Amino acid sequence: AAYCAWRAARDGLRWRLPTADEWLLAAQGGDGRPYPWGDQPDPGLCASARTTSRGMWDLPRAGSFPADRSVQGAVDLAGSVSEFVDATAPDGRQRLHLGGNRSDLQGERLGAHTRREADPSGFVHPAVGFRLAVSVEP
């Protein structure tokens with residue numbers, strides 16, 4: 001939330017975290033597929049624990065896995081990092097992040113419907129990140 005506010009002030013645009021519905025639409029392509037590449041889990045098609053061997057803190061370059069691309073062209077939605085969405089908890093913190101990440105071994109954890117709760121203590125995990133959405137005024 002702080003980064004979104006800083007970026008909005010810098011750019012003059014209304015940057016924000018995507019809602020869970022927006023994130024799911026980007027990941028599924030509007031047809032309900034559980035993975036960007038289709039219906040079956042495959043940890044070999046994205047940045048997962050099966051394909052990344054450079055350590056937890058070292059991410060592969062964005063877009064390194066061509067199959068991990070939604071029909072809208074969004075990359076790395078099944079692997080790489082799980083992403084925070086706009087789902088504010090009662091204490092005002094963002095706690096929900098969606099999707100698979102590079103620490104996942106089981107293919108089922110890489111699906112668009114994978115929901116995770118962030119550590120309420122504020123521990124930052126190297127497999128959790130975010131992407132931004134921008135609101136455009138009509």
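How many salt bridges does the structure hold? The structure, which I should say at once is a predicted model, holds six salt bridges, and I will go through some of them before turning to the nonpolar residues.

Let me start in helix H1, where Arg7 and Asp11 both lie, four residues apart, or about one turn of the helix. Their side chains meet in a salt bridge, with an N to O distance of 2.6 Å, and Arg7, Arg10 and Asp11 are linked in a network of salt bridges. Asp11 has a relative accessible area of 29%, so it counts as partly exposed.

Further along the chain, the side chains of Arg16 and Glu22 meet in a salt bridge at 2.7 Å, N to O, and here Arg16 is partly exposed at 23% relative accessible area, while Glu22 is partly exposed at 33%. Another salt bridge joins Arg33 to Asp31, with the closest N and O atoms 2.7 Å apart, and Asp31, at 48%, is partly exposed.

Now to the nonpolar side. The largest nonpolar core has ten residues in all, among them Trp23, Leu77, Val85 and Ala112. Helix H2 (20-28) and strand S3 (96-98) are the elements that give two or more residues to this core, and H2 gives the most, with four. Leaving aside residues up to four places away in sequence, Ala112 touches Trp23, Leu24, Ala27, Gln28, Pro34 and Gly99.

Finally, on the surface, Tyr3, Trp6 and Phe130 make a nonpolar patch of about 320 Å². Tyr3, which is found in helix H1, counts as partly exposed because its relative accessibility is 36%.

Definitions and conventions: Residues are numbered from 1 along each chain as its sequence is written. This is a predicted model: local features need pLDDT of at least 70, side-chain atom pairs count only at pLDDT 80 or more; totals for chains, interfaces and linings use all residues. Side-chain values use heavy atoms; hydrogens and water are left out. Patches are made of residues with over 30% relative accessible area and no salt bridge: like charges are joined within 9 Å, nonpolar side chains (Val, Leu, Ile, Met, Phe, Trp, Tyr) within 5 Å. Accessible areas come from the Shrake-Rupley method with a 1.4 Å probe; for residues, only the protein chains shown count as cover. A salt bridge is a side-chain nitrogen of Lys or Arg within 4 Å of a carboxyl oxygen of Asp or Glu. Buried means under 20% relative accessible area, exposed over 50%, partly exposed in between (1.4 Å probe, protein chains only). A nonpolar core is a set of buried Ala, Val, Leu, Ile, Met, Phe, Trp, Tyr and Cys residues joined through side-chain atoms within 4.5 Å. Contact means heavy atoms within 4.5 Å.
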